[in-house]
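Q: I would like to learn how to read the pockets, the ligand site and the unusual backbone features of a model, one at a time. Could we work through them together?

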Amino acid sequence: MADMDLTPDTLAVWAGEEASRAHGATQVPIVYSAAYGYADVESWLDVALGRAPGHIYSRNTNPTVSAFEEKVRILEGAEAATSFSTGMAAVSNTLFALLAPGDRVVSAKDTYGGTNQLFVDFLPRIGVRVDLCDTSDFEQIEAAIAEGCRLVYLETPTNPTLKVMDIARLAAAAHEVGALVVADNTFATPINQNPLALGADLVLHSATKFLGGHADALGGVLCGAPELSAKVYHYREITGASLDPMAAYLLVRSLKTLALRVRRQNENALTIARWLEAQPAVAVVNYPGLESHLHHDVAVRQMRGFGGMLSFGLEGGFEAVKRVLPRLRLAHLAANLGAVETLAGVPATTSHVECTMEERAAMGIPEGLVRYSVGIEDAGDLMRDLEQAFAVA
Ligand SMILES: *Cc1c(COP(=O)(O)O)cnc(C)c1O
């Protein structure tokens, strides 16, 4: 298939499965075997030393898990991929595998709450210095990078204020000082944005979100150049945060509809964001697809669609949010996003549940913001649901 120049829609359905299928089955099997047997020591050694393809032990590699890695690798246009038990395992294994005491990291204040905890607590404990900049101020980030650093960590769009970071611009600044660029592409998905094509060295995902899309499997994945991916893979194979074969199976199955789901979520979110802007109960709407977004021009340049995530503030503040959310009939109030069903929540219970109120305030995350993950339902139905809920605001 590699010679066919296929679109992501087709690749999401077909790519990456061949080596993991068996017995003529048209679908990738769930292989629940801890280890793989060999008839003799020579052929076992060939696989162990990487001279022949195959599997040894499922903490290291597993056929179902390999199919998931291959599919995402191809969708991100990468040479190599490594999967993890969760998105946070992908983030933490990447950072701990690539950083050493004395290294400096430049990132932004608005990263995912768990990632922020790594930056403000876990990495400083091993002597890694972390400089967190204003997410929207590219000049400030460039200046911090220019002081010299080992790694630049980007996340765009961000959670929950949907800020956009200019990947090409910041990657160029990072490469001037010889730093590696890691980008969390969870919100955009490979359908809307490919950070590697924009200059990032590594791209990672919480597969729990849009890649899985059905809120029933946890996972993470990292894609990039073979040497970098291998370094992180080795760290994961030893520390052990491997993806479970059942989760890998669910993720492979879900990825087949990724393009369909994400395009529908893009359309729904843009329609709803525009409608929200015109609602008297709504004080502010954050969505990269709106002309009013601070970095709409950057979003247009680096994204093919603006994603299914938006957030909004209500005129009545946190008190209004507490009255409105329970009235939503077409949204789970739950700490997840990217699913086929719409979800709503506030930062204190979702993206930044890991942080204290003071930490959220320091990151510029308002308590009274509603994070709204738009599903694949009918946009008109969702707007009617929001309208009836706003009536109590
Ligand atoms: C959810 C999320 C993560 C963490 O993923 P888990 O699968 O929950 O561990 C990391 N980054 C972003 C942007 C996320 O939304």
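The dialogue below takes up the ligand, the pockets, the cavity and then the backbone.

Q: Before we start, what kind of model is this?
A: This is a predicted model, and the values discussed here are computed from it.

Q: Which residues come nearest to the ligand?
A: A residue is taken as near when one of its heavy atoms lies within 4 Å of the ligand. In this structure there are 14 residues around the ligand, and those that come nearest are Met88, Asp184, Ser206, Thr208 and Lys209. By class, the shell around the ligand holds four nonpolar, seven polar and three charged residues.

Q: How do I read polar contacts to the ligand, and where are they found?
A: The idea is to look for pairs of N or O atoms within 3.5 Å. Here the side chain of Ser206 places an N or O atom 2.8 Å from an oxygen atom of the ligand, and a polar side-chain atom of Lys209 also lies 2.8 Å from a ligand oxygen. Gly87 contributes through its backbone, where a polar atom is 2.8 Å from an oxygen atom of the ligand. As for burial, the ligand on its own has 380 Å² of accessible area, and the protein covers 93% of this.

Q: Which pocket does the ligand take up?
A: Rolling a probe the size of a water molecule over the atoms shows where empty space is left. In this model the ligand takes up the space of the second largest pocket, whose volume is about 370 Å³. This pocket is lined by 28 residues, of which Tyr112, Ser206, Thr208, Lys209 and Asn336 are closest to its centre. Two elements, α4 (87-98) and β6 (202-206), give two or more residues to that lining, which divides into eleven nonpolar, eleven polar and six charged residues.

Q: What is the volume of the largest pocket, and which residues are closest to its centre?
A: The largest pocket contains about 440 Å³ of space. It has 22 lining residues, and Pro53, Gly54, His55, Thr61 and Ser66 are the closest to the centre. The elements that supply two or more residues to this lining are α2 (41-48) and α3 (63-75), with α3 giving the most, namely four residues. Counted by class, the lining of the largest pocket comprises twelve nonpolar, eight polar and two charged residues.

Q: How does a cavity differ from a pocket, and how many cavities of 30 Å³ or more are found?
A: A pocket is open, whereas a cavity is a space where the probe fits but cannot get out. A search of the whole structure finds one cavity of 30 Å³ or more, and the largest cavity holds about 30 Å³ of space. Its lining is made up of Ser58, Arg59, Asn60, Thr61, Asn62, Val65, Ser83, Arg236, Ser242 and Leu243, that is, two nonpolar, six polar and two charged residues. Thr61 thus appears both in this cavity lining and among the residues closest to the centre of the largest pocket.

Q: Where does the backbone contain cis peptide bonds?
A: The angle to read is omega. The bond from Thr156 to Pro157 is cis, with omega near -10°, and the bond that joins Asn159 and Pro160 is cis with omega about 0°. Pro157 is found in the loop between β4 (151-155) and α7 (167-176), and Pro160 is likewise placed in the loop between β4 and α7.

Q: Which residue other than glycine has a positive phi value?
A: His23 is such a residue, with phi near 60°, and His23 lies in the loop between α1 (8-14) and α2.

Terms used: Residues numbered from 1 in each chain as written. Predicted model: local features only at pLDDT ≥ 70, side-chain atom pairs only at ≥ 80, totals over all residues. Heavy atoms only, no water. Polar contact = N/O pair within 3.5 Å; in protein donor to acceptor, adjacent residues only side chain to side chain. Areas by Shrake-Rupley, 256 points an atom, 1.4 Å probe, with all protein chains shown as cover. 1 Å grid on protein atoms, 1.4 Å probe; cavity = no way out; pocket = protein on both sides within 12 Å on 5 of 7 lines; lining within 4 Å. Sits in = over half its atoms within 2 Å of the grid points. Nonpolar A, V, L, I, M, F, W, Y, C, P; charged D, E, K, R; others polar. Points joined across faces, edges and corners; volume = space filled by probe spheres on them.
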